[in-house]
Each structure stands twice: as structure tokens, then as C-alpha cells.
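Subject: Handover of a structure

Dear colleague,

Please find below the structure that I am handing over to you. My notes on what was found in it follow directly after.

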Amino acid sequence: MKICVVGTGTMGNGIAQTFAQAGHDVLLKGRSEASLGKAHKAIEKSLSKLVEKGKMEAAEKDAINARIKDTMAYEDCKDADLVIEVVAEDMATKNEIFKTLDAICKPEAILATNTSSLSITEIAAATSRPEKVIGMHFFNPVPMMKLVEVIKGQLTSQEVHDKVMAIAAEVGKTPVSVNEAPGFVVNRILIPMVNEGIGIYADGVATKEEIDEAMKLGANHPMGPLALGDLIGLDVCLAIMEVLYNEFGDSKYRPHPLLRKMVRANLLGRKTGIGFYDYRK
Ligand SMILES: CC(=O)CC(=O)SCCNC(=O)CCNC(=O)[C@H](O)C(C)(C)COP(=O)(O)OP(=O)(O)OC[C@H]1O[C@@H](n2cnc3c(N)ncnc32)[C@H](O)[C@@H]1OP(=O)(O)O
Ligand SMILES: NC(=O)C1=CN([C@@H]2O[C@H](COP(=O)(O)OP(=O)(O)OC[C@H]3O[C@@H](n4cnc5c(N)ncnc54)[C@H](O)[C@@H]3O)[C@@H](O)[C@H]2O)C=CC1
């Protein structure tokens, strides 16, 4: 199966790695040599961790790296059987890319989106093949997280849904079938929790370290809400809160003003080196 991953950010490199680790050839579509180079660096770092831990042979790491080829041209996606779009959480951007992919990709190709919260039906409406458009939602960090939410839009066919469930399982993930709804299952619970953690911090109820420690020890979460926001990317968290707020029209999903302020200051978390915590050492 020929896989094409469009987008080289936090999630794109993890998804490319996962497919290559499962033995697939992957075409990674980036916007610049620099972004592609950064993605390969992240993949190399992740695979090296696995080699260091004795979970992977060095030769296997080289073979995985070799299976990931780069491109900057959508045209090169034309032979792909499955394209996974992993770009910014913005409907206009996704619509534009799906329109482009629809014109280039062979008619039987499945076009999947890794969107965190947006309507699959609305993304599919930009194409002439809505029955082949589906949500394939991976979790961060992709190599470590087992779940993939598989989301059918209004017009997604059962056949495409079943195929994508099988593909997710084949690459070592556990797929869960989810009906289309803003934020699906996990993010409708998780991101308002991050937003609430930010509110608690802004209210001065506790320091950021204390808030995170409290949720780690008091709820057995692997990381606290502020560290998690930094891992996800605060721009992504804000985009998800905006979708929940706008789609449901419910004030309980209001993005906290401090979240907005952090994004406006480009303090996005790990990807910019600083968010609630400083990663620049
Ligand atoms: C926004 C969305 O749309 C959806 C989302 O993704 S929401 C975010 C969902 N993700 C989460 O909630 C993540 C919560 N955090 C965690 O599960 C864990 O903290 C974590 C897996 C990220 C890291 O685990 P940790 O125990 O805190 O740290 P650490 O000891 O460094 O890592 C644990 C293991 O994972 C490995 N690891 C971590 N990241 C890795 C990566 N990217 N690649 C390879 N290995 C990695 C480490 O090497 C380590 O391996 P060993 O257990 O063999 O020693
Ligand atoms: N960060 C996370 O924890 C998770 C994010 N997601 C979703 O995955 C998608 C990507 O998120 P991240 O990788 O975190 O984002 P990121 O900010 O790390 O990377 C975004 C990528 O999109 C590209 N991009 C931005 N604007 C573009 C445009 N106009 N045209 C083409 N490419 C463009 C960038 O070059 C970059 O490769 C989003 O839909 C997000 O909601 C899903 C699961 C988890």
C-alpha cells in the first residue's frame, strides 16, 4: 500500500514513522526542505530512543528511515492508496488541500484527515469523493499512543471505514469507531480539561508545577494539564476549543483568555521551545 502523509509538524512525522515502522513506504509531503529536515530529525530522535532501549536493532532503524521519501509537490501523491492530511487545524486550509488532493489522487484513493475536532463532512465537501474521506485521528506522541479514532463523515462509506479500521490495526494501533461530533470523544473531554487547568493557573489557585503534580498524583494522569497543553501545542488546543465553542454554542467551552494570550505571543509549547514551561535547554 502506498501511503502519503501531508504535513511535517508534531503529528506528521510521528504518523510517517508509524507507517514506515510497520513496513510501508511513505511519501512525506512538506512545504520546505527545512520542514522536511526537521521532521526527519524528530523521526531519527524517536527511533534512536527505541534503539537505545534495546527495542529495535540499529539496522531496522536505517531501513525505516529509508522507507520515508520526501516531496514538496502534491503531484507526487497521485499514486497513493491512502493520503493522510496532517496540517494546521483550520477548515479553510484543510478544504484547500483536500480540493488539491481530490484533483490529483487516483479515484480509488482514500483521503484521511488527522483533524482533532473539525467536521469530516465539511472537509469532504471540498472533494468529489466524500464517500472516501474519513477521519483517522492519531494521538501525540504517535509512536507511544495506541489509539486511533476512526471517524465517519455523513457520506463516508462503510467500506472505507472498515478498511481504515483494518489499516490502523495493521500498523499496531487500536482503532475506535466514533461518530462525527465536534472534538470526537477524547478531545471533547481532554482539551476542556487543559483549558480548565489554564484557568486554575490564571486564578492563582496553585503554581503550574503544583497543578501538574496534583493531576499526576491525584488522578494518575501521566502528565499534568499544563505540560500536556505544551506537548499538544497551545495553538492546537485553542483551535479545538474554538471548534467546540462555536459548534456547540455552549459557554462551557469558552477558550480561556490566557490560552489566547499565550498563542498570540507564540508561546506554543514544545514546538516553539517555550509555553507554560521552557524547553530551550
Ligand atoms: C490534541 C489531539 O488531537 C489528541 C492528542 O494527541 S491529546 C494528547 C494525548 N497524549 C497524552 O495524553 C500523552 C500523555 N503523556 C504520556 O502518555 C507520557 O507522559 C509520554 C508517553 C508522553 C511520555 O512518557 P513518560 O513516562 O512521561 O516519559 P518518558 O520516560 O520520557 O517516556 C516513556 C517511554 O516512552 C518513550 N518515548 C517517549 N516519547 C517517545 C517518542 N516520541 N518516540 C519513541 N519513544 C518515546 C521513552 O523513551 C520511554 O521509553 P521506556 O519506557 O522504554 O523507558
Ligand atoms: N498536536 C497534537 O497533539 C495533535 C494534533 N492533531 C491534529 O493534527 C494536525 C496537525 O497538527 P500538528 O502536527 O500538531 O501541527 P503543527 O503546528 O506541529 O504542524 C502543522 C503542519 O501544517 C503545515 N501547514 C500549516 N499551514 C499550512 C498550509 N496553509 N498549507 C500546507 N501546510 C500547512 C505546517 O507546515 C506543518 O507541517 C491538526 O489538524 C491537529 O489538530 C491531531 C492529534 C494530536
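Tyr201 counts as partly exposed, because its relative accessibility is 29% and the partly exposed class lies between the limits of 20% and 50%. Phe276, by contrast, has a relative accessibility of 5% and therefore counts as buried. Please bear in mind that these values come from a predicted model.

The two residues belong together for a further reason. The structure holds three aromatic pairs. One of them is formed by Tyr201 and Phe276, whose rings meet edge-to-face, with 5.8 Å from centre to centre and 85 degrees between the planes. This pair links distant parts of the chain: Tyr201 belongs to helix H7 (residues 186–202), while Phe276 lies in the segment after helix H11 (257–264), and 75 residues separate the two.

Aromatic rings also take part in contacts with lysine side chains. Lys29 lies over the face of Tyr74, at 4.2 Å from the ring centre. Likewise, Lys208 is placed over the face of Tyr277, and here the distance to the ring centre is 5.6 Å.

I turn next to ligand 1. This ligand is surrounded by 18 residues, of which Ser46, Lys55, His137, Asn140 and Asn187 are the closest. By class, this shell comprises ten nonpolar, five polar and three charged residues. At least two residues each are supplied by helix H2 (33–52), by H7 and by helix H9 (225–232). H7 is also the helix that holds Tyr201 of the aromatic pair described above.

Several polar contacts to ligand 1 may be of interest to you. An N or O atom in the side chain of Ser46 is 2.5 Å from a nitrogen atom of the ligand. The side chain of His137 places an N or O atom 2.7 Å from an oxygen atom of ligand 1, and a polar side-chain atom of Lys53 is found 3.0 Å from an oxygen atom of ligand 1. Taken alone, ligand 1 exposes 1000 Å², and the protein buries 68% of that area.

Ligand 2 has 22 residues around it, and those that come nearest are Thr10, Glu89, Lys94, Ser116 and Ile232. Its shell is made up of eight nonpolar, ten polar and four charged residues. Helix H1 (10–21), helix H4 (91–104) and strand E6 (133–138) each contribute at least two residues to this shell. The most comes from H4, which gives three residues.

The contacts to ligand 2 involve both backbone and side-chain atoms. A polar backbone atom of Thr10 is 2.8 Å from an oxygen atom of ligand 2, and a backbone N or O atom of Gly9 lies 3.2 Å from an oxygen atom of the ligand. From the side chain of Lys94, an N or O atom is 2.8 Å from an oxygen atom of ligand 2. Ligand 2 taken alone exposes 830 Å², of which the protein buries 83%.

One last residue deserves mention. Asp102 is located in helix H4, the helix that gives the most to the shell around ligand 2. With a relative accessibility of 14%, Asp102 counts as buried, because the limit for that class is under 20%. Its side chain makes a polar contact with the side chain of Arg129, at 2.7 Å.

Yours faithfully,

A colleague

Notes: Residues numbered from 1 in each chain as written. Chains lettered and ligands numbered in written order. Predicted model: local features only at pLDDT ≥ 70, side-chain atom pairs only at ≥ 80, totals over all residues. Heavy atoms only, no water. Near = heavy atom within 4 Å. Polar contact = N/O pair within 3.5 Å; in protein donor to acceptor, adjacent residues only side chain to side chain. Areas by Shrake-Rupley, 256 points an atom, 1.4 Å probe, with all protein chains shown as cover. Helix = DSSP H or I, 4+ residues; strand = E, 2+ residues; numbered from the N terminus. Nonpolar A, V, L, I, M, F, W, Y, C, P; charged D, E, K, R; others polar. Phe/Tyr/Trp six-rings, centres within 6.5 Å; stacked < 30°, edge-to-face > 60°. Buried < 20%, exposed > 50% of the residue type's maximum accessible area, 1.4 Å probe, protein only. Lys NZ or Arg CZ within 6 Å of the ring centre and 35° of its normal.
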